[in-house]
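Me: I should like to examine how certain structural terms are applied in the model shown here. Please set each value against its criterion.

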Amino acid sequence: MFAPLKTVVPRSLYGRAALILIVPIVTIQLVISIAFIQRHYEGVTRQMARGLMVELRHLIDEVAKAPSPAEAQARAAAVARALEFSVELPASWQASEDRRDAWDLSGRQLILTLRGGLPEMGAVDLQRSDNEVWLLLGTGAGPMSVAVDRRRVSASNPHQLLVLMIVTSILMTVIAYLFLSNQLRPIKRLADAAEAFGKGRHIPYRPRGALEVRAAGTAFVEMRARIERQIEQRTLMLSGVSHDLRTPLTRLRLGLSMLSDPDEAEELLRDVADMERLVDEFLSFVRGDALEEAEEVDPLALVARVVENAQRLGQRVTLARAEGQGAMRLRPAAVARAVENLVGNAVRYGSCAEVSVMLTDRALRIVVEDDGPGIPRDRREEALRPFTRLDTARNPNRGGGVGLGLTIAKDIARSHGGALRLGESEMLGGLRAELVLAR
């Protein structure tokens, strides 16, 4: 039922507020104009027209009593002077139809009243003069022309009152909208601060506005502070854990290197290396460079450096396409880590990888494609979970990992207000990982 209305109703808060202001004002104006003003003016016009009919009936009767045309003219002139009419007998103009302007609402009621009470009425001309009403009456001495001051026979048209109402309504609407926009501005600032925080940015915000808006703003500031403290405490705690774990791992590696049996030591050293890699990836996943400050960076140059670093390591990685130009605010170390993880996964499970980067007005898109076995459609959501390794789809013999590469990239994308999407590469036939960051 309300579905068609959703297409025409404004979606912004400012637009809906303006609609809430304008619709009641316009409705009230229409109701008052139609139900009150017009009826009032029509009633006044009928009363004044009936008074004019009495005077015109007296004028017609006096003309009818005259024994000659000259006497009729004299009597008509005498009555006209007494009643302040302008009379011409016989009339110098002829008409068979009434004339009035389309917007002359009271004139319509005047014509109806005069024709209903005077059978001798030949025509009513309201267009001949703006200030007079010209009447053509039939008498025994011939057609008689009567000019009456318009103010005597009909109420002034309500146009001036309507114009005054419209101008006043527009003025009050503008004032109300300015006041309402002043009340809505704190809500807009709160929304901007929340959106920026969702993209990993911290912009200054102080609660302002009405009590309810201040309460919401204060709750947001406290929530943001709690999240930042939690991230900082988690990072510091894991940094301590990392330091505590690396010391015994180093002692283990040193002790194993001194064993007499090299074969047995080699296997144990591989286990120690796996443990170190596990610790590094776990710390990278939990930390996510949350404490890094966002800054203006050229994303195309950042991706190009990641590709160059991979090439120096002997990996078959190429920058296939780079579109757009400009800078955007992001955390460069975090984004570089996300791209490195995607490139590392691509060359680990495939023989080559291609990287594409597109910068638009609304988003940054970084696409990494490989020629590996890919990931089945029904398991792509599972692949983004922490510590998930799809060994049936991705060959584990190609390289080690603990299942955090895609998860780290997904979390970094979310911290920038974006997302990580997995699909199938049309060019290489393997996995297509698209990192989208909101601009």
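Me: In this predicted model, what makes Glu369 a buried residue that has no salt bridge?
Reply: Glu369 is buried, and the nearest side chain of opposite charge, Arg432, is 4.3 Å away. A salt bridge requires a side-chain nitrogen of Lys or Arg within 4 Å of a carboxyl oxygen, so Arg432 at 4.3 Å does not qualify.

Me: How do you know that Arg432 nevertheless counts as a contact of Glu369?
Reply: Contact means heavy atoms within 4.5 Å, and Arg432 is therefore listed among the residues that Glu369 touches. Others on that list include Cys352, Glu354, Met427 and Leu431.

Me: Why is the pairing of the side chains of Glu369 and Ser425 called a polar contact?
Reply: The two side chains are 2.6 Å apart. The limit for a pair of N or O atoms is 3.5 Å, so the value of 2.6 Å satisfies it.

Me: Why is strand 9 described as largely enclosed?
Reply: Glu369 lies in this strand, which spans residues 363–370. Of its 8 residues, 7 are buried, so strand 9 is largely enclosed by the rest of the structure.

Me: How do you know that strand 9 pairs with strand 8 and with strand 11?
Reply: Pairing needs at least two bridges; strand 8 and strand 9 have 7 in the antiparallel sense, so they pair. Strand 9 and strand 11 (residues 431–438) are likewise antiparallel over 7 bridges. Val355 stands opposite Val368, and Val367 stands opposite Glu434 in strand 11. A hairpin of 3 residues joins strand 8 to strand 9.

Technical notes: Residues numbered from 1 in each chain as written. Predicted model: local features only at pLDDT ≥ 70, side-chain atom pairs only at ≥ 80, totals over all residues. Heavy atoms only, no water. Helix = DSSP H or I, 4+ residues; strand = E, 2+ residues; numbered from the N terminus. Buried < 20%, exposed > 50% of the residue type's maximum accessible area, 1.4 Å probe, protein only. Lys, Arg positive; Asp, Glu negative; His and termini not counted. Polar contact = N/O pair within 3.5 Å; in protein donor to acceptor, adjacent residues only side chain to side chain. Lists of a residue's contacts leave out its neighbours within four places in sequence.
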